[in-house]
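Here's a quick briefing to read alongside the model. Have the sequence and the 3D view open, and follow along topic by topic.

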Amino acid sequence: MNTKEIEIRSLYTIAELEEVRRLESNIWGESDSIPTHQTITAVKNGGLVLGAYCSGQLIAFQYSFPGFDGQSVYLCSHILGTDIQFRNKGIGEKLKLAQRDEALKLGYSLITWTYDPLESINGYLNIGKLGGVVSTYLPNCYGEMEDLLNSGLPSDRFLVEWHIGDEKPADTFGNAFDQDFVLTNSLLQWGVNNKGLPVVLPFTLKDLHNDTVQFVPVPKNYRTIRETDIRLASDWRMQTRDAFSGLFSQGWQVSGFKKISNPEIPVNFYILTKQ
């Protein structure tokens with residue numbers, strides 16, 4: 001598939017939004033997808049639903065609605081899903097960039113959303129490419145989820161803030177650090193077990209390497225770990241929960257993402273700096 005053939009547009013009609021509801025059900029394997037009366041009401045009141053089409057077929061979507069924190073209004077990006085046959089083709093990035101453009105037209109300057117920090121592909125997109133920042137960790141954000149993508153583990157999430165008026169070149173911050181420097185200065189120590197999966201070792205925040213930058217590893221393919229070794233997946237969840245929660249409480253912020261190109265190294269890294 002040529003991604004140039006993908007058409008992305010805002011959706012407004014009941015028929016279009018019903019198509020979105022069906023695609024959501026297929027992706028997550030759930031019958032209780034967001035009802036059409038909810039999405040159409042949001043669209044009519046400052047919200048946004050975007051659809052990605054290939055040859056007239058809806059293959060991905062993004063849904064967001066207005067948020068308010070008592071002081072300012074922002075766009076709360078609730079859900080983005082892609083049909084399994086079209087994943088890892090850059091469609092999610094195209095949807096987010098289109099979301100930014102449409103949000104600016106609506107007068108927003110900030111978009112927020114949550115995602116699982118252990119999903120490297122989302123970390124690279126949200127932080128490394130889009131330029132989002134994170135200073136809030138939400139343990140078990142949605143409770144125990146039983147859908148196809150989340151069952152069996154606490155639903156911990158990062159809260160991303162994407163200041164869409166700021167122009168940040170893709171992945172410049174991650175590329176500023178040499179791979180060997182990142183590996184040497186990793187906050188969490190890690191290794192590989194006899195199955196070839198990355199394992200994480202206990203740590204303490206008392207021994208930070210320096211006072212200007214921190215590197216926290218996450219598996220390149222957490223989904224594989226989750227599907228093959230739930231105890232190891234839980235260990236990664238709890239160790240990184242402690243690391244991020246501790247760092248955020250001390251004023252650190254996720255500001256970049258280091259994608260490790262060496263296939264023999266099974267982890268990537270979040271880069272944290274002082275706010």
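**Hairpins, a buried lysine and some salt bridges**

Strand 2 and strand 3 form a hairpin with two residues between them, and Ser55 in the turn has a positive phi of about 55°. This is a predicted model, so local features need pLDDT of at least 70 and side-chain atom pairs count only at pLDDT 80 or more, while totals for chains, interfaces and linings use all residues. Residues are numbered from 1 along each chain as its sequence is written, and side-chain values use heavy atoms, with hydrogens and water left out.

A word on terms before the bullets:

- Helices (H or I, at least four residues) and strands (E, at least two) are DSSP runs, numbered from the N terminus.
- Two strands pair if DSSP finds at least two bridges between them.
- Buried means under 20% relative accessible area, exposed means over 50%, and partly exposed is in between (1.4 Å probe, protein chains only).

**Strands 2, 3 and 4**

- Strand 2 (residues 48-54) and strand 3 (residues 57-68) run antiparallel and are joined by seven bridges.
- Within that pairing, Tyr53 has Leu58 of strand 3 as its bridge partner.
- Strand 3 also runs antiparallel to strand 4 (residues 73-82), this time with nine bridges.
- Here Ser64 is matched with Ser77 in strand 4 as its bridge partner.
- The hairpin of strand 3 and strand 4 has four residues between the strands, and Gly70 takes a positive phi near 95° there.

**Helix 1**

- Helix 1 (residues 14-28) has 15 residues and should span 21 Å at 1.5 Å a residue; the end C-alpha atoms are 21 Å apart, which agrees. (The expected span is 1.5 Å times one less than the number of residues.)
- Its buried residues are Glu16, Leu17, Val20, Leu23, Glu24, Ser25, Ile27 and Trp28.
- What do the buried residues of helix 1 pack against? They pack against strand 1 (7-10), helix 2 (36-43), strand 2, strand 3 and strand 4, with contact meaning heavy atoms within 4.5 Å.
- Gly29 follows helix 1 and has a positive phi, near 65°.

**Strand 12 and its partners**

- Seven of the eight residues of strand 12 (residues 267-274) are buried, so mostly covered is a fair description.
- Strand 10 (residues 213-219) pairs with strand 12 in the antiparallel sense over seven bridges, and Val218 stands opposite Asn268 of strand 12.
- Strand 11 pairs with strand 12 in the antiparallel sense too, over six bridges.

**Lys258**

- You'll find Lys258 in strand 11 (residues 252-258), opposite Phe269 in strand 12.
- Lys258 is buried yet has no salt bridge (a side-chain nitrogen of Lys or Arg within 4 Å of a carboxyl oxygen of Asp or Glu).
- The nearest side chain of opposite charge is Asp178, 6.9 Å away from Lys258; Lys and Arg count as positive and Asp and Glu as negative, while His and the chain ends are not counted.
- What does the side chain of Lys258 reach at 2.9 Å? The backbone oxygen of Phe177.
- Leaving aside neighbours within four places in sequence, Lys258 is in contact with Gly174, Asn175, Phe177, Gln179, Val182, Asn268, Phe269 and Ile271.

**Salt bridges**

- How many salt bridges does the structure hold? The count is 11.
- Glu119 and Arg226 form one, with the closest N and O atoms 3.6 Å apart. Glu119 lies in the loop between strand 5 (110-115) and helix 4 (120-129), and Arg226 in helix 7 (residues 222-228), so the pair ties together parts that are 107 residues apart in sequence.
- Both Glu119 and Arg226 are buried.
- Glu7, Arg9 and Glu16 are joined into one network by salt bridges that share partners.
- In the Arg9 and Glu7 salt bridge, the closest N and O atoms are 3.5 Å apart. Arg9 counts as partly exposed at 29% relative accessibility, and Glu7 is partly exposed with a relative accessible area of 40%.
- Arg100 forms a salt bridge with Asp101, with the closest N and O atoms 3.9 Å apart; Asp101 is partly exposed, at 39% relative accessible area.

**Positive phi outside glycine**

- Asn88, in the loop between strand 4 and helix 3 (91-105), has a positive phi near 60°. Its relative accessibility is 68%, so Asn88 counts as exposed.
- Asn140 has a positive phi near 45° and lies in the loop between strand 6 (133-138) and strand 7 (157-163). At 28% relative accessibility, Asn140 counts as partly exposed.

Methods. Polar contact = N/O pair within 3.5 Å; in protein donor to acceptor, adjacent residues only side chain to side chain.
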